[in-house]
Amino acid sequence: MKRLEIVEYLLQNGFTEDGDTFTQIAQQQTGEMIVNGHRQIQVQNVEIKITFIGNGWIGESEENSDITTQWNLSVNGVDRGDFIVESLEEFKEFFKL
């Protein structure tokens, strides 16, 4: 199943699983200052959520088709849209982890 391959990929890349939602909190450097010769780096936590929406298909009929999976991306609580993918490789093109 394509969903299981993608779930395994997310878990291998540091996401935690809660039902159909996969979450990762990453730190991103937002600034750097040097005060009195001491470097101070400013960082911000970025919450990435990828949610499995469901399976689907593309083709002439359900029996004669390619299976797809649909996912949603949310960053810091802001919905970034839904994505439909046919394979793990295509998923990796949308989500560069």
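**Exercise 1. Surface and overall form**

How much area does the chain expose, and what share of it do carbon and sulfur atoms supply? Then describe the overall dimensions of the chain.

*Solution.* The structure is a predicted model, and every value below is computed from it. The chain exposes about 6700 Å², and carbon and sulfur atoms supply 45% of that area. Turning to dimensions, the C-alpha atoms fill a box of roughly 70 × 20 × 20 Å along the principal axes. The radius of gyration is 18 Å, whereas a compact globule of 97 residues would have one near 13 Å. As for the interior, buried residues make up 26% of the 97 residues. Finally, of the contacts between residues at least 6 apart in sequence, 35% join residues at least 24 apart.

**Exercise 2. Order and pairing of the elements**

Set out the pattern of helices and strands along the sequence, and then state how β3 pairs with β2 and with β4.

*Solution.* Begin with the inventory, which comes to two helices and five strands. Read along the sequence, these follow the pattern α-β-β-β-β-β-α. Next, take the pairing of β2 with β3, which is antiparallel and extends over 14 bridges; within it, Thr 21 has Thr 51 of β3 as its bridge partner. On the pairing of β3 with β4, the sense is again antiparallel, and eleven bridges join the two strands. Here Gly 54 is partnered by Gln 70 of β4.

**Exercise 3. The nonpolar core and the face of α1**

Identify the elements that give two or more residues to the largest nonpolar core, and explain how the buried residues of α1 are arranged about its axis.

*Solution.* The largest nonpolar core has 15 residues, and those with the most contacts inside it are Ile 6, Leu 10, Phe 22, Ile 50, Trp 71, Phe 91 and Phe 95. The elements that give it two or more residues are α1 (2-12), β3 (38-59), β4 (65-75), β5 (78-85) and α2 (88-94). Of these, α1 gives the most, with four residues.

The second step concerns α1 itself, whose buried residues are Arg 3, Ile 6, Val 7, Tyr 9 and Leu 10. Viewed down the helix axis, these buried residues fall within an arc of 160°, and therefore they line one face of the helix. This accords with a general property: an α-helix has 3.6 residues a turn, so residues three or four places apart point the same way.

The third step asks what lies over that face: the cover of the buried residues of α1 includes β1 (16-18), β2 (21-35), β3, β4, β5 and α2. For a single residue, consider Ile 6, which, once neighbours within four places in sequence are set aside, is in contact with Thr 69, Trp 71, Val 85, Ser 87, Leu 88 and Phe 91.

**Exercise 4. Positive phi angles**

Locate Asn 36 and Asn 76, give the phi of each, and decide whether each is buried, partly exposed or exposed.

*Solution.* Most residues other than glycine have a negative phi, and it is against this background that the two asparagines are read. Asn 36 lies in the loop between β2 and β3, a hairpin with two residues between the strands, and its phi is positive, near 50°. With a relative accessible area of 74%, Asn 36 lies over the 50% cut-off and is exposed. Asn 76 lies in the loop between β4 and β5, and its phi is likewise positive, near 50°. At 39% relative accessibility, however, Asn 76 counts as partly exposed. A glycine can be added for completeness: Gly 14, just after α1, takes a positive phi of about 90°.

How values were computed
Residues numbered from 1 in each chain as written. Predicted model: local features only at pLDDT ≥ 70, side-chain atom pairs only at ≥ 80, totals over all residues. Heavy atoms only, no water. Core = buried A, V, L, I, M, F, W, Y, C linked by side-chain atoms within 4.5 Å. Buried < 20%, exposed > 50% of the residue type's maximum accessible area, 1.4 Å probe, protein only. Contact = heavy atoms within 4.5 Å. Arc of directions from axis to C-beta. Rg over C-alpha atoms; globule rule 2.2 N^0.38 Å. Areas by Shrake-Rupley, 256 points an atom, 1.4 Å probe, with all protein chains shown as cover. Pairing = 2+ DSSP bridges.
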